[in-house]
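The exercises below ask you to reason from a structure to the packing of its helices, rings and charged side chains. Work through each task before reading the solution that follows.

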Amino acid sequence: MKPRKKTSAEKKPDGDTRTGLGVQSIKKAFLDNLFYLQGKFSKVATKNDHYLALAYTVRDRMLHKWIHTAGTYFEQRSRTVCYLSAEYLLGPHLENNLINLGIYDKAKQALKELGLDLKELLEQEEEPGLGNGGLGRLAACYMESMATLEIPAINYGIRYEFGIFSQEIRDGWQAEVTDKWLRFGNPWEIARPEISYQVKLGGRTEPYYDEKGNYRVRWVSDRVVKGTAFDTPILGCKVNTVNLLRLWKAEAYESFDFQAFNVGDYYGAVEENVSSENITKVLYPNDEPSVGKKLRLEQQYFFVSCSLQDMIRLYLQREKELDGFCRKFIIQLNDTHPAVGIAELMRLFVDVYNMEWDKAWEITSKAFAYTNHTLLPEALEKWPLSLFKSILPRHLEIIYEINAKFLKQVRRRFPEDEDRVRRMSIIDESGGRYVRMANLSCIGSSAVNGVAKLHTDLLKRDVLRDFHELWPEKFLNVTNGITPRRFLLLSNPRLSKLISEKIGDEWIKDLRELRRLEEFAKDASFQKRWRAVKREVKKELASVILSKTGLHIDPGSIYDIQVKRIHEYKRQHLNLLHVITLYNRIKRGIQEDIPPRTFIFGGKAAPGYYAAKLIIKLINSIAEVVNNDPDIRGLIKVVFFPNFNVKNGQHLYPAADISEQISTAGKEASGTGNMKFAMNGALTVGTLDGANIEIREETGEDNFFLFGMNADEVNELRIKGYDPKKHYDSNQELKEAVDLIASGYFSPGEPGLFRPLVESLLYRDEYMLLADYESYIKCQERAGRLFLNQNEWTEKSILTTARMGFFASDRSVHEYCKYIWNIKPVHIVF
């Protein structure tokens, strides 16, 4: 048989093979990459080979833009944001990059012509687990928004070899499994072995006088680690801008000791290499033991030192003196993890570049800005002074000097107020001695911001009150946001298509355009299409849950979803008390106004956090009973969705009917999961906490199911003296729910298993579940009744999506640019 002749379209790629955006160019590039980079041909290639070939094809098209972006920044001496974050919860790259390049459909067609399925290749990608939760996901959203808004930026972090653990559920308990996200390679990163820096650790300091007679200090370390750069391009949506994510890997300065090897000490020959690489081996070790604290501090200093040395190198490419450093760079601290950078920049300026102290401090304090992400006192980072000194002796001296000069300023402003001086000191002298990183961040930064209106108000009033009274002009709010490209366009293509058909696609880059949906909220035909989209998405989630858990769930039921980090203040166990209350009612024959409801939980507990792990076990134990009780007849089901991450979140956010945002008021800084659900049309059941307040204000009080105390009421109750037992004794349904847990009903083989949770609720209840229980149950009753009226529910769902424009990370980044960073877009043309 004669071979089929190629058509002219097949013979000629539509554009350069490396950069062309047409179907034929993509096909040709894909096959070239499969052959030349993977060393395979299609018949023997694995799915991973095909995924890598496609990833390299997409990366080539990004590199073309990346080089032009870097060149433009260099030539224009562009002011640049340097975003320092110990976490980046990126999610998979491939689909996001296809969308931002505008070639998703063309790539899909190219692969189809080659007999391949794009969806299968997308599923092949490993998720980089470089973050624990909201902090890292926020950094990733901002990174994408900065590129989309054409803001010059370098994002610095740590290249953890093993990211946050993968979660498996074994006998109802969380089991942590190593996250080997690099096992098949990472096609998105480019190793830069020529960009590396020495990072000192430990040792001592020695004073000396330089040749001009100036007093200087020399740091004599006992360890030196090398930090090597790995670069990932970050593409904006439908622009030419590609910014840089630069992650640091720790390596030994000298990786092999031949002297040790020659005398037979084979372990000693590689010991330094193993010890050095441990610094970036794993994301955030359990830092309760002293060895964990030590490693975490080393991680933070390591990536901050590499990043600051890199900034100075970049600056000196075009300038001779460092005087203008703070005009070239604005360094954003994503919480206190990179705060040691303030002391490190001072060390580099004073010790390495021989700058006078006052000048160095003026530049340093203008270069940094600080975002606070927590109201929990235990989460405000502080380091035992002895540990800090053992790792960073020179930095402790610098901090002492910063502190001494600062406290003089405090005493001048607030004379005879030594209590205030003690509170504001970087060194905590109460009990053990600690270095307070939040205090250092406030002192060494030009701006301090919270991440929601309530959060910022509480920072000013409580957590950072003294600093606000000293420098009110430093404090401002920038409410968090999320990228609609990933969390609507990518996650929910059906809904995105419906929206674009109705109002056009400008909303993708200007989320305020969603407001135009409001006029269709009561339109019966549009409501019908909206419900049809939701139904299909819910069916898809049901299929995913079946494959992961073996459970069948009803797409016609309310999908009531709470997915987030497992923590007592997030109150997953309050949700469980509602599940048990419904269960008890159905068992008693009370079924009126109870629509079928599927409760879906997901989230990871910190490995050392026993109470959180016990909550996961309780969820699964309740599921085991409820899901198998014939009296319930499927009216309620409970699911624990394992290994919640960005990739799995993309299945969950679009399918939710109800979004559970039920943290104790005044405890959540902002939250972004609340935004992801609401943007996809879920109605929120929530407290007046974090960004819930602003979501309620934007979407409308009638479209938000509010319950519980506000932050002031929580505070007043705590001051008065809170007795949870009173609520337990006075509410029969609450008593029955708690007693059912305590009785061992959900743990028949181990009746006392959940006693710690029960005793915590009855005798401490730090997060006031029992105080909010009655209000929560009534709120859920309202939600259940409304769901029975599908027209009204759909109207509220449409309005919720329509009014979420404020919560785009593009808006957040724009506010940072205007009010903190003083930076303007740089348009990339080529």
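**Exercise 1. Describe the nonpolar surface patch and the setting of L37 within it.**

Keep in mind throughout that the model is predicted.
Step 1. The patch, nonpolar and about 390 Å² in area, is made by F35, Y36 and L37.
Step 2. L37 is placed in the loop between α2 (23-36) and α3 (47-76).
Step 3. With a relative accessible area of 48%, L37 is partly exposed, since that class lies between the limits of 20% and 50%.

**Exercise 2. Determine how the buried residues of helix α21 are arranged, and what they pack against.**

Step 1. Helix α21 spans residues 493-503, and its buried residues are L495, S496, L498, I499 and I503.
Step 2. These residues lie on the same side of α21, because they cover an arc of only 160 degrees around the axis.
Step 3. A general rule helps in reading such a pattern: an α-helix has 3.6 residues a turn, so residues three or four places apart point the same way.
Step 4. The exposed residues P493 and K497 are carried by the face of α21 that is turned away from the buried side.
Step 5. The packing partners of the buried residues are α20 (484-490), α22 (524-549) and α33 (790-802).
Step 6. After α21 comes G504, which has a positive phi, near 85 degrees.

**Exercise 3. Decide whether helix α27 is enclosed or open, using its buried residues.**

Step 1. The buried residues in α27 are N692, I693, E694, I695, R696 and T699.
Step 2. Helix α27 (residues 692-699) is therefore largely enclosed by the rest of the structure, as 6 of its 8 residues are buried.
Step 3. Just after this helix, G700 takes a positive phi, of about 110 degrees.

**Exercise 4. Classify the ring pairs F406 with F467 and F787 with W793.**

Step 1. A search of the whole structure finds 26 aromatic pairs.
Step 2. For F406 and F467 the ring centres are 6.0 Å apart and the planes stand at 15 degrees, so this pair is stacked.
Step 3. This pair links distant parts of the chain, as F406 belongs to helix α15 (residues 393-413) and F467 to helix α19 (residues 465-470), 61 residues apart.
Step 4. Both F406 and F467 are buried.
Step 5. F787 and W793, at 5.1 Å centre to centre and with 85 degrees between the planes, form an edge-to-face pair, and both of these residues are buried.
Step 6. Elsewhere, Y83, Y142, Y816 and W821 form one aromatic cluster.

**Exercise 5. Compare the surroundings of the buried residues F487, H578 and K617.**

Step 1. F487, in helix α20, is buried with a relative accessible area of 2%.
Step 2. Not counting residues up to four places away in sequence, F487 touches R137, C141, I482, V646, Y653, K676 and N680; F487 and Y653 are 166 residues apart in sequence, yet 7.9 Å apart in space, C-alpha to C-alpha.
Step 3. H578, in helix α23 (residues 572-587), counts as buried at 3% relative accessibility, and its contacts, leaving aside neighbours within four places in sequence, are R597, F599, Y776, I777 and Q780.
Step 4. K617, in helix α24 (residues 610-626), counts as buried at 10% relative accessibility.
Step 5. Leaving aside neighbours within four places in sequence, K617 is in contact with D171, G172, W173, L753 and F754, and the C-alpha atoms of K617 and G172, 445 residues apart along the chain, are separated by 4.9 Å.

**Exercise 6. Establish which parts of the chain are linked by the salt bridges R485 with E144 and E795 with K522, and give the exposure of each partner.**

Step 1. A search of the whole structure finds 68 salt bridges.
Step 2. R485 forms a salt bridge with E144, in which the closest N and O atoms are 2.7 Å apart.
Step 3. The pair links distant parts of the chain, with R485 in helix α20 and E144 in helix α7 (residues 134-148), 341 residues apart.
Step 4. R485 is buried at a relative accessible area of 0%, and E144 is buried at 6%.
Step 5. E795 and K522 meet through their side chains in a salt bridge of 3.0 Å, N to O.
Step 6. This pair too links distant parts of the chain, 273 residues apart, with E795 in helix α33 and K522 in the loop between α21 and α22.
Step 7. E795 is buried with a relative accessible area of 19%, whereas K522 is exposed with 64%.

Technical notes. Residues numbered from 1 in each chain as written. Predicted model: local features only at pLDDT ≥ 70, side-chain atom pairs only at ≥ 80, totals over all residues. Heavy atoms only, no water. Buried < 20%, exposed > 50% of the residue type's maximum accessible area, 1.4 Å probe, protein only. Helix = DSSP H or I, 4+ residues; strand = E, 2+ residues; numbered from the N terminus. Arc of directions from axis to C-beta. Contact = heavy atoms within 4.5 Å. Patch = residues over 30% accessible without salt bridge, like charges linked within 9 Å, V, L, I, M, F, W, Y side chains within 5 Å. Areas by Shrake-Rupley, 256 points an atom, 1.4 Å probe, with all protein chains shown as cover. Salt bridge = Lys/Arg side-chain N within 4 Å of Asp/Glu carboxyl O. Phe/Tyr/Trp six-rings, centres within 6.5 Å; stacked < 30°, edge-to-face > 60°.
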